[in-house]
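Colleague: I am new to this structure, and I would love a close look at a single part of it. Could you walk me through the place where the two chains meet, and explain the terms as you go?

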Number of protein chains: 2
Amino acid sequence: MKRNVLIIGAGGVAQVVAHKAAQHNDRLGDLHIASRTVAKAEAIIETVHAKAAMKVPGVFQAHALDAMDTAAVVALIKATGCQIVINVGSPFVNMPVLDACIQAGVAYMDTAIHEDAGKVCEAPPWYGNYEWKRREACKAAGVTAILGVGFDPGVVNAYARVAEGLMDTITSIDIVDINAGSHGKWFSTNFDPEINFREFTGTVYSWQNGAWQSNTMFEVGQTFDMPVVGTQKAYLTGHDEVHSLSARYPQADVRFWMGFGDHYINVFTVLKNLGLLSEQPVKTAEGLEVIPLKVVKAVLPDPASLAPDYTGKTCIGDFVKGTKDGKPVEVLIYNVADHKEAFEEVGSQGISYTAGVPPVAAALLIADGTWDVGAMANVEDMDPAPFINLLNQIGLPTRIKDASSDRLLEF
Amino acid sequence: MKRNVLIIGAGGVAQVVAHKAAQHNDRLGDLHIASRTVAKAEAIIETVHAKAAMKVPGVFQAHALDAMDTAAVVALIKATGCQIVINVGSPFVNMPVLDACIQAGVAYMDTAIHEDAGKVCEAPPWYGNYEWKRREACKAAGVTAILGVGFDPGVVNAYARVAEGLMDTITSIDIVDINAGSHGKWFSTNFDPEINFREFTGTVYSWQNGAWQSNTMFEVGQTFDMPVVGTQKAYLTGHDEVHSLSARYPQADVRFWMGFGDHYINVFTVLKNLGLLSEQPVKTAEGLEVIPLKVVKAVLPDPASLAPDYTGKTCIGDFVKGTKDGKPVEVLIYNVADHKEAFEEVGSQGISYTAGVPPVAAALLIADGTWDVGAMANVEDMDPAPFINLLNQIGLPTRIKDASSDRLLEF
């Protein structure tokens, strides 16, 4: 049994985590949120109170924190008495925060793989480059560390684990992430444009035929027939969970597909081909040194500004193929989320919502001991049943579609 | 009879003017070229000597000059003994150079309308805003000043004057400028991207139904069937000569059409809609103030670098409709130029070539007295016959296409 939660970060996903944690503070205890800029953390707490989201009267405090500073993180954990840390800060802070949790002996969670600020688009094995080097340390300290427990990675890893239980062998996992929403702007990224574009300018890795395969972005596209959002074009994209799932299912092809409209691809292609997505500085005729990507970020809408007007739905799921009793079987396990409903509930759009609700579900499962395994784990290493049941109750219902029907998945 | 030519400017058009003037220095006398950066002027003279372009041994000197400084321009005119000034510098220097020519009593030419650096896309009447205010001063001083004597404006104005001689009344003049060449880059503008994009971000003016009409860029498109380059899509664009021609032919519709491929329009549209063509500074997340358009310019190819690989042709001409003896008549008067031939002859691509040859033809006509009218004039005010005959000989042949045939136009 663990209590008291420290949220690290104060962006759109942290906003969702804060609201969802507040809705369950009877089971989670005191809540704390820390950001380099304390005002951002305070602003989130204000929205929590504005929605009267706290289930029971309790603590919700904001703190200034440099999360790159492991000792500072340890000190804050000790000062607040938090036993669960939900790290939804920038991907640059994963390792220092993880180290702090190991030192302090508290549970750790994050929603995206560690990134070195100095390196763009590193080659796999991604978890092997950073987090998995702390497996022994977690085990020795009895520290529960759940890696990548957002939606993708996260819930989609649990979906693969569910499929594992339905088949004798998995032959392919195709994770498809479609945002069929509309933000009403001529163009915008859904999160920080700099991080967004960086993700797509490098090599695309997938796991096929028992080995890493390389492609370029938008090189491999495929149309998927998705529930609710309909037929959608998606493109092979490198993504965290391709690594951990391929480690568990090395015999299977593991691919991640991200939906992009022609408009996004066109804007991306123009900017990339002109050199405007470059991280390397250029010099203007007047002699000013400037990084083009930072200028592109400066002219684009602030993604946080999109939420109030976002309409439409997301659909994210796993198409899993395999064999059962010698026959081919196929299943789609998925969730549909609604941008407007998300905004009305927690003040963020649907993409932040799908990423922010799962770590709170995981925190509840650690709090009651169900997932408090005292070791480092990716989501597919955990029993998916209580996670999916809980998500069904707190805003992210899972459905399963197979040859027989399309129905709510519950255990 | 006037001799000795001062070229102001050292860009791609100045390069063409320098070569063409050198090829006729037996009639033009001493040649001088002045630029703010003297090294650029010197580099042009080097290419003239590398091609052995000087027809007879003679002077060709480079000078450093701030052409915004009228007194400095007067001093250089006097020091060099030049009686003809060809201004192909930036459009910001027209008025100070014109004033210098009036003070010094020498002939003046330019190829584009004056622009105030502080104003973007001014409203018509363009010549009326600046140059035409010096009409009386030119007349009083007996100074010949030929405005806008590039290709468009310039030769296309002479084409309209030719058509005037073929009809009783002109009812419409549609000037069409098609560049069907290929520079082999993913994207490039053909001249300074900053000037190029500025031209298209404002209101598009045309003269129709006896009044100025306003449109936005790419709002009005039309397909034209052009000789040699074939069927091409062009878009209504604001352009200098629409003003002067509509003043001479107020009863006619006067429109300028610029050819753009879908690729150019797409890139332009993306950059404009994202705000990357803005002249207004934005601030990056790191606090750096930067003008997006200047960053776009910095990442695009230097237009001068395109010339060696440029292939294909330009076709620029006037579709003129009117009546003759009570019947409708129609004529197309046009030129076709070749990028590769231009580069081989003078080291510039075809667009610079078509702009740079006409002012040298005009200089030759001023030198021998034919066009030395001792007053300010637009090209359509002058007898077109000697101009077109001379252009036929020096690289820009004119053809005429009417109901009977498509033939060389000569007088």
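**Where chain A meets chain B**

Modeller: Happy to! Between them, chain A and chain B bury about 2,200 Å², with 79% of that on carbon and sulfur atoms; buried area here is the accessible area (1.4 Å probe) that two parts lose on being put together, summed over both. On the side of chain A, the residues that lose the most area to chain B are A:Trp186, A:Leu274 and A:Val299, which together make up 27% of what that side buries.

Before going further, a word on the ground rules. This is a predicted model, in which local features need pLDDT of at least 70 and side-chain atom pairs count only at pLDDT 80 or more, while totals for chains, interfaces and linings use all residues. Residues are numbered from 1 along each chain as its sequence is written, chains are lettered from A and ligands numbered from 1 in the order in which they are written, and side-chain values use heavy atoms, with hydrogens and water left out.

Now to the contact itself, meaning heavy atoms within 4.5 Å. Chain A gives 27 residues to it and chain B gives 27 residues. How are the two copies related? Chain A superposes on chain B by a rotation of 180 degrees with 0.0 Å of shift along its axis, at an RMSD of 0.0 Å (a least-squares fit on the C-alpha atoms of residues with pLDDT of at least 70 in both). The two copies are therefore related as by a two-fold rotation axis. Both copies use the same surface, since 100% of the contact residues of chain A recur in chain B.

Next come the charged pairs. There are 2 salt bridges between chain A and chain B, a salt bridge being a side-chain nitrogen of Lys or Arg within 4 Å of a carboxyl oxygen of Asp or Glu. A:Glu286 pairs in this way with B:Lys294, their closest N and O atoms being 3.0 Å apart. The interface also holds 3 residue pairs in polar contact, both residues at pLDDT 80 or more; such a contact is a pair of N or O atoms within 3.5 Å, where within protein one must be able to donate a hydrogen and the other to accept it, and residues adjacent in sequence count only if both atoms are side-chain atoms.

Which elements of chain A supply the touching side? At least two residues each come from α11 (262-274), β13 (282-283), β14 (289-290) and α12 (292-299); helices (H or I, at least four residues) and strands (E, at least two) are DSSP runs, numbered from the N terminus. That side of chain A divides into 17 nonpolar, 5 polar and 5 charged residues, where Ala, Val, Leu, Ile, Met, Phe, Trp, Tyr, Cys and Pro count as nonpolar, Asp, Glu, Lys and Arg as charged, and the others, Gly among them, as polar.

Let us return to B:Lys294. Within its own chain, B:Lys294 forms a salt bridge with B:Glu194, the closest N and O atoms being 2.9 Å apart. This pair links distant parts of the chain, 100 residues apart: B:Lys294 sits in helix α12 (residues 292-299) of chain B and B:Glu194 in helix α9 (residues 193-200) of chain B. Over all chains, the count comes to 36 salt bridges.
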